[in-house]
Amino acid sequence: MDVRVAALIPAYRCPDRVGAVVAGVRAHLADVLLVDDGSGDGTGEAARRAGARVVVHEVNRGKAAALRSGLAVLLGEPHSHVLMLDADGQHDPADVPHFLAAAGEADFVLGNRLWNPAAIPPRRFWTNFLGTRALQLMTGFPLEDSQCGFRLVSAAMLRRMGLVGRRYAIDTEILVRAGKVGGRFAHVPVSVIYDGEPSFYRPVADTVHIVLSAVRFKVDEGDRRRDPGPAAWRAAVPAPPVLPPVTAG
């Protein structure tokens with residue numbers, strides 16, 4: 001299989017960290033697209049200086065909207081997979097090769113942080129663990145860490161999904177819809193990084209919302225029967241403007 005991977009990074013207010021994340025990913029992938037979700041603090045500019053293409057939301061619209069904006073661009077291009085990760089440094093770009101190694105055998109490669117519970121704040125571990133077990137029971141899919149946003153997904157499979165989820169529920173929506181369309185799952189262990197920086201994820205409220213939303217995604221009939229391909233995607237899905245990387249000099 002010809003594996004051609006682009007990275008998609010939703011970002012909100014992390015100008016001091018995003019450059020290192022983009023540079024770390026670009027050590028493994030040539031194409032990085034970052035969506036600056038209304039940061040207004042130089043996050044997008046820092047990403048461009050590090051070599052990313054950037055989509056800018058003028059106001060904050062949430063992670064789901066940021067991912068959909070990025071997918072509107074990337075799924076109209078000739079990529080075989082999209083690698084998704086966060087911009088704030090809690091996903092280690094050094095783990096990217098693990099995802100690439102599994103790409104040829106799986107449509108959906110999920111990062112797993114729960115292999116190392118001692119490194120995770122107890123409240124976050126248990127909400128993630130219980131949410132994962134609930135989704136495993138609801139979907140019947142083999143899951144190890146359902147709420148990890150570090151994941152690699154087949155572009156052909158993403159083009160079949162009628163994504164409608166809000167906030168962090170989009171991560172669960174992609175997972176549920178991948179199972180519905182017959183995706184092949186794989187898991188890779190990833191580094192666990194919690195350094196005390198504030199998170200915009202609300203462990204209890206967002207986990208409850210995610211699990212309840214999974215019921216909707218399970219019964220929703222909005223998925224396409226087949227992959228329309230990049231050209232048809234470009235014709236059907238408007239792509240937002242994309243700013244190029246800032247070149248030296």
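**Figure 1. Residues lining the largest cavity of the predicted model.** The lining is formed by Pro10, Lys63, Leu67, Met84, Leu85, Asp86, Gly149, Arg151 and Asp171. By residue class, this lining comprises four nonpolar, one polar and four charged residues. The enclosed space amounts to about 30 Å³, and the structure holds one cavity of 30 Å³ or more. Rolling a probe the size of a water molecule over the atoms reveals where empty space remains. Two of the lining residues, Met84 and Arg151, return in Figure 3 as contacts of Ile174.

**Figure 2. Strand β2 and its pairing with strand β1.** Strand β2 spans residues 31–37, and strand β1 covers residues 5–11. The two strands run parallel and are joined by six bridges. One of the residues involved is Leu8, whose bridge partner in β2 is Leu33. Strand β2 is mostly covered, with seven of its seven residues buried. The side directions divide these residues into two sets: Asp31, Leu33, Val35 and Asp37 point one way from β2, whereas Val32, Leu34 and Asp36 point the other way. Both sets are buried.

**Figure 3. Surroundings of Ile174 in helix α7.** Helix α7 is formed by residues 169–180 and includes Ile174. Because its relative accessible area is 0%, below the 20% limit, Ile174 is classed as buried. Apart from residues up to four places away in sequence, Ile174 touches Met84, Phe108, Arg151, Val153, Leu158, Met161 and Leu163. Among these contacts, Val153 lies 21 residues from Ile174 along the chain, and the C-alpha atoms of this pair are separated by 8.8 Å.

**Figure 4. Asp107 in the loop between α4 and β5.** The loop that holds Asp107 connects α4, residues 96–102, with β5, residues 108–112. Asp107 counts as buried because its relative accessibility is 16%, which is under 20%. The side chain of Asp107 reaches the backbone nitrogen of Arg184 at a distance of 2.8 Å. When neighbours within four places in sequence are set aside, the contacts of Asp107 are Leu152, Val153, Ser154, Met157, Gly182, Gly183 and Arg184. Arg184 therefore appears both in this contact list and, through its backbone nitrogen, in the 2.8 Å approach of the Asp107 side chain, a separation within the 4.5 Å contact limit. Val153, listed here as a contact of Asp107, is also touched by Ile174.

Methods: Residues are numbered from 1 along each chain as its sequence is written. This is a predicted model: local features need pLDDT of at least 70, side-chain atom pairs count only at pLDDT 80 or more; totals for chains, interfaces and linings use all residues. Side-chain values use heavy atoms; hydrogens and water are left out. Helices (H or I, at least four residues) and strands (E, at least two) are DSSP runs, numbered from the N terminus. Buried means under 20% relative accessible area, exposed over 50%, partly exposed in between (1.4 Å probe, protein chains only). A polar contact is a pair of N or O atoms within 3.5 Å; within protein, one must be able to donate a hydrogen and the other to accept it, and residues adjacent in sequence count only if both atoms are side-chain atoms. On a 1 Å grid over the protein atoms alone, a cavity is a set of points where a 1.4 Å probe fits but cannot get out, and a pocket is an open set with protein on both sides within 12 Å along at least five of seven lines; lining residues have an atom within 4 Å of a point. Grid points are joined across faces, edges and corners, and a volume is the space filled by probe spheres set on the points. Ala, Val, Leu, Ile, Met, Phe, Trp, Tyr, Cys and Pro count as nonpolar, Asp, Glu, Lys and Arg as charged, and the others, Gly among them, as polar. Two strands pair if DSSP finds at least two bridges between them.
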